[in-house]
Amino acid sequence: MSLPVVAIIGRPNVGKSTLVNRLAGVQDAIVHDEPGVTRDRTYRSAFWEDREFVIVDTGGLVFNDDTEFLPLIREQAMLALSEASAAIFVVDGQSGLTAADETIADWLRQQPVPVLLAVNKCESSEQGLTQAIEFWELGLGEPFPVSGIHGSGTGELLDALITYIVPAEEIPQTEEIKVAIVGRPNVGKSSLLNAFVGENRSIVSPISGTTRDAIDMLVERNGKTYRLIDTAGIRKKKNVEYGPEFFGINRAFKAIRRADVVLLVIDAVDGITEQDQKLAGRIDEEGRACVIVINKWDAVEKDSYTIYEFERNFKGRLNFIDWAETIFVSAQTGQRVEKILDLVNTAAEQHKRRVTTAVINEVLQEAISWVSPPTTRQGRQGKIYYGTQVSSQPPAIALFVNDPKRFNDNYRRYIEGQFRKQLGFTGTPVRLFWRGKKVREMEAGSRSNRATRV
Ligand code: GDP
Ligand code: GDP
């Protein structure tokens with residue numbers, strides 16, 4: 001399930017990031033920060049009353065100026081808007097209405113997304129109302145005077161905002177599996193895409209208006225729909241605008257974030273490179289399911305052992321995602337290409353899987369019986385009271401223990417290994433949280449509370 005998105009739009013310096021901090025609450029962790037060619041685009045989770053959503057700060061929007069990164073930032077804003085349930089357009093109440101605000105408003109009025117107008121820097125409520133009045137001219141409805149710094153007016157803004165946010169329980173559970181195809185240039189991503197989609201069988205679903213934007217394609221097989229993410233990014237040949245060395249890693253990172261399952265495509269002839277490892281690391285960090293696709297298998301000279309040697313070698317070098325299944329294909333001849341989707345199905349199912357508390361504790365009891373938790377030098381022994389799955393996509397299991405510090409890395413790895421061995425979770429990362437039972441509320445951020453990967 002993905003939460004509704006609220007895009008924050010506005011020219012630079014009107015106080016967008018300040019307002020985002022305010023709306024998301026300072027205690028909230030940044031969901032993601034994406035450094036790169038464009039200004040960081042941050043995703044933060046927020047809630048108001050019973051509605052949960054994600055706020056995306058789009059970076060300062062500037063039209064009529066094509067210097068350097070500005071077109072890219074614009075593209076970011078358009079992308080953010082295309083996935084948004086609502087937008088908050090932030091203007092500066094102290095500097096008043098500007099021509100740039102009008103340009104942005106003209107553009108926003110053409111978008112099929114509800115827009116709320118926040119007039120920021122209105123600390124004084126009386127003066128704020130006066131400051132806000134002139135923004136009626138933008139034709140975007142009622143201007144809300146707010147102060148990102150003081151927090152005033154933000155309650156009214158949020159009250160209006162949540163009328164556009166569907167309650168979490170009403171978000172439809174789509175059958176669609178979102179698949180990102182990522183890999184270095186020339187590994188065969190476009191060839192693979194063509195093999196899936198065919199020349200004419202594609203259903204193109206542009207998620208935004210211009211050709212530069214991300215385009216998803218829908219592919220249907222056996223009653224299932226696969227959304228292939230950002231196929232424009234895959235097809236964009238040789239990244240002319242950045243020069244031939246440009247890897248497009250930020251675009252790949254974005255696709256990874258939107259995906260349920262990532263196809264990490266690797267060139268069988270070249271083997272694993274540092275860039276492949278970087279992508280693998282990100283897939284694990286983002287908690288996405290993954291299938292490792294070794295392409296150009298037709299071009300490898302092989303005997304009956306080759307496949308095992310490759311597998312061993314590749315797995316070792318992609319240890320971040322040693323839980324992922326590997327498939328050897330040829331996008332060119334079509335060999336095993338359709339089988340990739342079987343592995344995608346498995347990975348997607350495991351990624352969403354929920355295991356009952358009874359089963360988790362059965363595995364735990366069994367594991368503890370074989371190897372007891374370690375005892376510290378002072379003679380205190382670790383105790384695991386119980387475990388329970390706290391979330392899915394990816395599956396996360398919390399273990400409630402007497403004192404997380406009594407469990408060394410060795411023992412943690414052992415328990416992790418037992419979960420994998422007994423429960424499988426093929427193709428998906430699994431997170432384990434070790435929590436002290438008495439102090440668990442106070443532990444946020446401490447090492448013992450951090451997830452370890454399985
Ligand atoms: P962004 O570029 O739109 O993200 O703007 P920032 O959040 O970085 O803020 C730009 C400047 O406006 C900073 O100097 C902030 O301190 C100031 N600012 C932001 N919100 C407010 C506000 O509510 N009141 C006042 N007076 N200044 C603000
Ligand atoms: P992309 O940059 O990752 O999208 O890679 P392309 O799909 O454009 O493929 C790069 C090159 O590898 C092209 O010359 C393809 O013909 C070739 N190629 C792609 N898949 C295969 C394959 O399975 N076997 C062989 N031998 N060549 C392939």
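Colleague: Is V5 buried or exposed in this structure, and how should one read that feature?

Modeller: The general idea is that a residue counts as buried if its relative accessible area is under 20%. In this predicted model, V5 has a relative accessible area of 10% and is therefore buried. The residue belongs to strand β1, which covers residues 5-9.

Colleague: Which residues is V5 in contact with, leaving aside its neighbours within four places in sequence?

Modeller: With those neighbours set aside, the contacts of V5 are V54, V56, A80, E83, A84, S85 and A86. A further separation concerns A87: this residue stands 82 residues from V5 along the chain, while the C-alpha atoms of the two are 8.5 Å apart.

Colleague: I should like to turn to aromatic rings. How many aromatic pairs are there, and how is the geometry of a pair read?

Modeller: The count comes to 8 aromatic pairs. The angle between the ring planes decides the label, and an angle over 60 degrees counts as edge-to-face. For W297 and F310, the planes stand at 90 degrees and the ring centres are 5.0 Å apart, so this pair is edge-to-face.

Colleague: Where in the chain do W297 and F310 lie?

Modeller: W297 is in the loop between β13 (289-295) and α10 (306-317), whereas F310 is in helix α10 itself. The two are 13 residues apart, and their pairing links distant parts of the chain. W297 is buried at 4% relative accessibility, and F310 is likewise buried, at 16%.

Colleague: What is the geometry of the pair that F310 forms with F328?

Modeller: The rings of F310 and F328 have centres 6.3 Å apart and planes at 85 degrees, so this pair is edge-to-face. It also links distant parts of the chain, since F328 lies in strand β14 (residues 325-328), 18 residues from F310 in helix α10. Both residues are buried.

Colleague: Which residues do the ring pairs link into a cluster?

Modeller: The cluster consists of W297, F310, F314 and F328.

Colleague: A charged side chain may also lie over a ring. Which residue lies over the face of W297, and which over the face of F425?

Modeller: K302 lies over the face of W297, 5.1 Å from the ring centre. Over the face of F425 lies R353, at 4.7 Å from the ring centre.

Colleague: Finally, what does the side chain of R431 reach?

Modeller: The side chain of R431 reaches the backbone oxygen of D284, at 2.5 Å. R431 lies in strand β17 (residues 431-436) and is buried, with a relative accessible area of 15%.

Terms used: Residues are numbered from 1 along each chain as its sequence is written. Chains are lettered from A and ligands numbered from 1 in the order in which they are written. This is a predicted model: local features need pLDDT of at least 70, side-chain atom pairs count only at pLDDT 80 or more; totals for chains, interfaces and linings use all residues. Side-chain values use heavy atoms; hydrogens and water are left out. Rings of Phe, Tyr and Trp (its six-membered ring) pair if their centres lie within 6.5 Å; planes under 30 degrees apart count as stacked, over 60 as edge-to-face and the rest as tilted. Helices (H or I, at least four residues) and strands (E, at least two) are DSSP runs, numbered from the N terminus. Buried means under 20% relative accessible area, exposed over 50%, partly exposed in between (1.4 Å probe, protein chains only). A charge sits over a ring if NZ of Lys or CZ of Arg is within 6 Å of the ring centre and within 35 degrees of the ring normal. A polar contact is a pair of N or O atoms within 3.5 Å; within protein, one must be able to donate a hydrogen and the other to accept it, and residues adjacent in sequence count only if both atoms are side-chain atoms. Contact means heavy atoms within 4.5 Å.
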